[in-house]
Amino acid sequence: MSTVDPKAVPLAVATSGTSAAPRRAWTRLFRSRTAVIGLSLIVFWVVLALLAPILPLPSPTAQDALAMADPTPSAAHWLGTDILGRDILARLIFGARTVLLVAPLSVAVAMLAGITLGMLAGYFGGWVEALVDRFSDLVLAFPVLVLYVILIANVGASVINIVIATTIASAPGIGRIVRGLVLDLKQQEYVAAARLRAESTLYIMAYELLPNCRGPLLVDACLRIGYTIITIGVLGFLGLGLPPPNPDWGGMVRETTTVINVWPLMSIAPSVAIVSLVLGFNLLADGMREAWKP
Amino acid sequence: MNAIIEQGVLGRPSAQPPQGSAPLLEIRDLRIEYRGRDESVVAVPGVSLQIAPGESYGLVGESGCGKTTTAMAVMGYLGGTGRVTSGSIRFEGEELVGASAAQLRAIRGRRVAMVYQEPMSALNPVKTIGAQLAEVPRRHLNASRSEARDMCATMLENVRLPDPLAMLKRFPHQLSGGQQQRVVIAMALLARPALLLLDEPTTGLDVTVEAAILDLIADLRKQYGTSLLYISHNLGLIASACDRVGIMYSGEMIEEADTATLFSSPRHPYTQGLLGCIPAIGSAKGTRSLAPIPGHLPLPHERPQGCWFGPRCAHFREETCGGNAIALLQADALTHHVRCARWQDIDAARADTAGEAIQAADAQAALVIDAVSKQYVLGGSKRVVQANEQVSFEVGKGEIVGLVGESGCGKSSLARMLVGLEAASSGSIRFDDTELAQLPAKKRPRDMLKSIQMVFQNPDSTLNPSHSVASPIRRALKKFGGYKDKAQIEQRLQQLLQLVRLPAEVAQRRPAQLSGGQKQRIAIARAFATDPSLIVADEPVSALDVSVQAAIVTLLLSIQKEQQSTLLFISHDLALVRHVADRVVVMYLGRVMEKGRAEEIFAPPYHPYTEALLSAVHSPDASVKQERVRLTGETPSPINVPPGCRFASRCHRKLGDICDTVAPPVRDATPTHQIACHISLDELRKVRPVFHATLQSSQAGANNE
């Protein structure tokens, strides 16, 4: 056979453009209208929550005795006050701070736990997988809300407890997703190539497998943040939320349902807040799925 | 039935549609576009072709050339985004472009039928074969239930499936891949269509099964007078199955002629290039080198001015080829058309380049595989998959050993044991006097890891899509190269990229930004990064187009030669193995059937299985005449294999009960050539060679018989 001249013209490179692949993934995402609407809703609440201390708002816990006589919207209270004369707008905005802190934090911790479980089960298989599976079955067989209520009712409502409850309830689901992905990914030839370099198991998991799970996991994280916001709302509505007088969206609905026929805005405003934020996360998740589908 | 194939091989008088009779299918200036969100892509800018009643027309091209799109347009299946924007498709005189859904429904399945590449996805997994087949006569021929069942049973018999009545009650998953494809063909032929579209109908099948399916199609065509539109990337297959051939390139027809003319005197440089890319089964290692076509198929938006093949063409002249679009011109014969402005200046010959003959010295053994067996126990039960049994062979230093066999023969599991991805169940693997059989990669000493590297099969899974393509190479250099500082690693990385002839800037790309061939080059660079002495290449080119395949093989061979590495080349493609290997090991169902020096394997005495494999190879070279041996059935399951010869159930030379009950003796035909068969060597020596020495093959080295 002829030896090819090593100085021969290098092959033309097939694709045009030099931008890295991940940057294109974000560009694609921003081209999706669904994702942009979702992201706008989230950014809207995030900006309000961040600016809350410097906005010219009354204190969310201060009671305006004058407004109690007529809690409907006025120049002083744009969305009116609740039955205790506290400014609804201020309570919504300060409430957003709690929700936007607790929900992503819970999901992040749940992700960490879920990814670890799923990675171990998927990569090692055998008894590790069986163990993780049985544990997941057990947790998943519980109605999630009942699980929350049992947990919170027994250990009390606090940010940490909500995080723990979310982690226990969500980790198995996340684990399932990761395990499914890893079962396929570990068969890929690049993993075999890494094993031929005698790479450590941790390296293979963290460097070769995990980055390829990020698409489905980001989508799932977004959806889960949405669910967690709903859950926090429900816990608040059941009286298991953060203790008063802290502003809590679910709690705001609970405190005002008795007067819903007279002053509906008191319940509607926090409900709309919950819906808009959850919708934001769900739309973003849909947008991601659409933009990144293979 | 033989007559058809024999003619195909020997060349036939020009099979031009009889003058005056209307063509069955006439495609004229067909333009197909795919509309994306922002832009539309012209997949096929203007294709014309005609198929006469009873004719078999082959449409050849590399992936992305528009051949499947054209066929789909005929069926009216372009999906939500595809659209015929101009041109016409006339079938039996009826215009199909713009035809109503009802009109199309009346034609599809009834007058035009299609056989797809993946039989499993063409069959509905939750319906029995009988129920699916019966839909065709019930719908198109208004047959009653019992009539339909009879027709289906008869058709299954015609496609040579055993026990048709029982077959009707089975579900698709209970059939093997070859049987499924026979069912799909039966379904397509049930309504006696005038035209059958075959889109890579045998691509996923083993070579011996492929050969049988092609024979079947040829037979049925003769029986029913069906016209065929054959779509394939496999030139050899097209040469033996078609009357006329059209070569497509980037959505255009670039050459069209009857089969004999096209393969004996191709006029377009691309056609000549394609033929130069295929290893010839008739030529031994070192007698002919593959001539890869440089560059790549232009994407629709990359098509250059003038000739679209121009940038890759050695005959390109700016003044003739770089200006206006090139027209399809008439070449030597009335029926021979070529889209090349300079066709008269180019020799109508196959661009064969002679290689340098190599003398394979009897090197000392670098790798000794001795009685290696591998069993997988399924689900803790008694079901044992015998992937390898008592496999023994040696690989000399600096030698290339070809490991050949069909799917399920255990060649990949053997490769995984060699590199340490799995441990052997028993036996010994010695490399440089170190015992490796029980050592997984993790427990192997660094030197050993460094010395044995692997090139994998699938370009899409060989590189991690999340990281730059250089990342695994850098990692290997850091781990094994002894390079400490970054500059040294980068320098060596650039050297490696140069070695596989990729430009330096590729290093930062993600795999998704590279073509299949480029990814495989990176995989080769990764393997050679550790300066290995043994490379295990598991089907390294089987997923690539022929022109890319030629380039990668040539590259691998040149690096192997330069680095003096030992290469174990695993493949199902005998012609390729003949082109590459010094010695060959033929495996079937986990056992070695025959092993020896390449020239010994490709000439009698053959193991009957080797003989069948050789005769299943489709060669585009009309001057090579081939014996026909067709195996029945398919490779049986490797679960709980019977004693005796593994090949007995399909063997065309089976002696009798002894083959089923007693394991065959391993006979030495020469000190370097062993055959495991009950038939005596003297008998095997009397077998006619599969390739008769005619014209080219006599010079090319099938001269050892």
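Two residues count as in contact here if their C-beta atoms, placed from the backbone, lie within 7 Å. The model is predicted: local features need pLDDT of at least 70, side-chain atom pairs count only at pLDDT 80 or more, and totals for chains, interfaces and linings use all residues. Residues are numbered from 1 along each chain as its sequence is written, and chains are lettered from A, ligands numbered from 1, in the order in which they are written.

**Exercise 1. Two domains of chain B**

Describe how domain 1 of chain B meets domain 2 of chain B.

Solution.
- Step 1. Domain 1 of chain B covers 2-7 + 23-242 and domain 2 covers 599-705; the bounds come from an automatic or database domain assignment.
- Step 2. Taken over C-alpha atoms, the centres of domain 1 and domain 2 of chain B are separated by 33 Å.
- Step 3. In the contact between them, 17 residues of domain 1 of chain B meet 12 residues of domain 2 of chain B.
- Step 4. On the domain 1 side, helix H9 (207-224) and helix H10 (235-241) of chain B are the elements that give two or more residues. Helices (H or I, at least four residues) and strands (E, at least two) are DSSP runs, numbered from the N terminus.
- Step 5. H9(B) gives the most to this side of domain 1, with 7 residues.
- Step 6. By class, this side of domain 1 has 7 nonpolar, 7 polar and 3 charged residues. Nonpolar means Ala, Val, Leu, Ile, Met, Phe, Trp, Tyr, Cys and Pro, charged means Asp, Glu, Lys and Arg, and the others, Gly among them, are polar.

**Exercise 2. Val159(B)**

State whether Val159(B) is buried or exposed, and list what it touches.

Solution.
- Step 1. Val159(B) lies in the loop between helix H6 (145-158) and helix H7 (164-168) of chain B.
- Step 2. A residue is buried if 20 or more other C-beta atoms lie within 10 Å of its own, exposed if 12 or fewer, and partly exposed in between, with C-beta atoms placed from the backbone. Val159(B) has 23 other C-beta atoms within 10 Å and is therefore buried.
- Step 3. Not counting residues up to four places away in sequence, Val159(B) touches Arg182(B), Ile185(B), Ala186(B) and Leu216(B).
- Step 4. Val159(B) and Ala186(B), 27 residues apart in sequence, are 6.3 Å apart in space, C-alpha to C-alpha.

**Exercise 3. A mixed sheet of chain B**

Give the strand order of the sheet of 8 strands in chain B, its edges and the helices that pack on it.

Solution.
- Step 1. The sheet is open, its pairing is mixed, and its order is E20-E21-E22-E17-E23-E24-E27-E26 (chain B). Strands pair if DSSP finds at least two bridges between them.
- Step 2. Strand E20 (452-455) and strand E26 (666-670) of chain B each have a single partner strand, so one side of each is left without a neighbour in the sheet.
- Step 3. From one strand to the next, the twist averages 20°. Axes are lines fitted to C-alpha atoms, for helices over the stretch in contact, and angles run from 0 to 180 degrees between N-to-C directions.
- Step 4. E26(B) pairs with strand E27 (residues 673-676) of chain B in the antiparallel sense over 4 bridges, and Asp668(B) stands opposite Gln674(B) in E27(B).
- Step 5. Helix H14 (residues 411-419) of chain B packs on the sheet, with E20 and E21 of chain B among the strands it touches, and its direction makes about 150° with that of E21(B).
- Step 6. Helix H18 (residues 516-528) of chain B also packs on the sheet, touching E20 and E21 of chain B, at about 175° to the direction of E20(B).
- Step 7. H14(B) is largely enclosed by the rest of the structure because 7 of its 9 residues are buried; Leu414(B) and Met417(B) are among them.
- Step 8. Gly420(B), just after H14(B), takes a positive phi of about 95°.

**Exercise 4. Two aspartates with positive phi**

Locate Asp433(B) and Asp531(B), and say whether each is buried or exposed.

Solution.
- Step 1. Asp433(B) has a positive phi of about 65° although it is not a glycine. Its place is the loop between strand E18 (426-431) and strand E19 (434-435) of chain B.
- Step 2. With 6 other C-beta atoms within 10 Å, Asp433(B) is exposed.
- Step 3. Asp531(B) has a positive phi near 50° and lies in the loop between H18 and E21 of chain B.
- Step 4. Asp531(B) is exposed, with 12 other C-beta atoms within 10 Å.
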